[in-house]
Amino acid sequence: MPFTAALLLSENAEVFLITLTMVGSVLLGWKLLGPVVQALARRLEPRAVPNPASASELANLRVRVQELEAQHGRLLELEDRLNFAERMLAPRRDAARLPAGGEQ
């Protein structure tokens, strides 16, 4: 009698090996073909079309931000001028409060 693998395996073992081979093949195919299927699905999805109204709103917002930045710079300059004026006036105000000629 010729020596074959079928003679060594029982019927339950053959069913187990066939099932194991099928499950392994499915898992391997899933692992290898999964990224390809995902890439194809992404290509088939509809792409967002830019809305012309939102583009004009974006341009308007950019202009407004530039204007606000310019005004912010002007505000900082005014704060510096106010601080300078307060420093110049403070010694005069303090001198008027002090008693004259060494009186205490």
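In which helix do E77 and R81 both lie, and how many residues apart are they? The two residues belong to helix α3, which spans residues 52-97, and they are 4 residues apart, which corresponds to about one turn of the helix. The model in which they appear is a predicted one, and in it E77 forms a salt bridge with R81, the closest N and O atoms being 3.0 Å apart. The structure holds 1 salt bridge. As for the surroundings of the pair, E77 is partly exposed, with a relative accessible area of 41%, whereas R81 is exposed, with a relative accessible area of 54%.

From this pair one can step back to the overall fold, which contains 3 helices and 0 strands and which, read along the sequence, follows the pattern α-α-α. Buried residues account for 0% of the 104 residues in the protein, where buried means under 20% relative accessible area. The accessible surface of the protein comes to about 10400 Å², and 64% of that surface belongs to carbon and sulfur atoms.

Helix α2 deserves a separate look. It is built from 34 residues and reaches 46 Å from its first C-alpha to its last, a span close to the 50 Å expected at 1.5 Å a residue. Along its course there is a kink of about 45° at L33, shortly before the proline P35. Of the 34 residues of α2, the number buried is 0, so the helix lies largely in the open.

L33 also takes part in a nonpolar patch on the surface, which it forms with L28, L32, V36, V37 and L40, and these residues together have about 590 Å² of accessible area. Of these, L40 lies in helix α2, which covers residues 11-44.

How far the predictor trusts these features can be read from its confidence scores. The protein averages a pLDDT of 82, and 80% of the residues score at least 70. Among the elements of the protein, α2, the helix with the kink at L33, has the highest mean pLDDT, at 88, while helix α1, made of residues 5-8, has the lowest, at 54.

Conventions. Residues are numbered from 1 along each chain as its sequence is written. This is a predicted model: local features need pLDDT of at least 70, side-chain atom pairs count only at pLDDT 80 or more; totals for chains, interfaces and linings use all residues. Side-chain values use heavy atoms; hydrogens and water are left out. Patches are made of residues with over 30% relative accessible area and no salt bridge: like charges are joined within 9 Å, nonpolar side chains (Val, Leu, Ile, Met, Phe, Trp, Tyr) within 5 Å. Accessible areas come from the Shrake-Rupley method with a 1.4 Å probe; for residues, only the protein chains shown count as cover. A salt bridge is a side-chain nitrogen of Lys or Arg within 4 Å of a carboxyl oxygen of Asp or Glu. The expected span of a helix is 1.5 Å times one less than its number of residues. The bend at a residue is the angle between axes fitted to the seven residues ending there and the seven starting there. Buried means under 20% relative accessible area, exposed over 50%, partly exposed in between (1.4 Å probe, protein chains only). pLDDT is the predictor's confidence in each residue, from 0 to 100.
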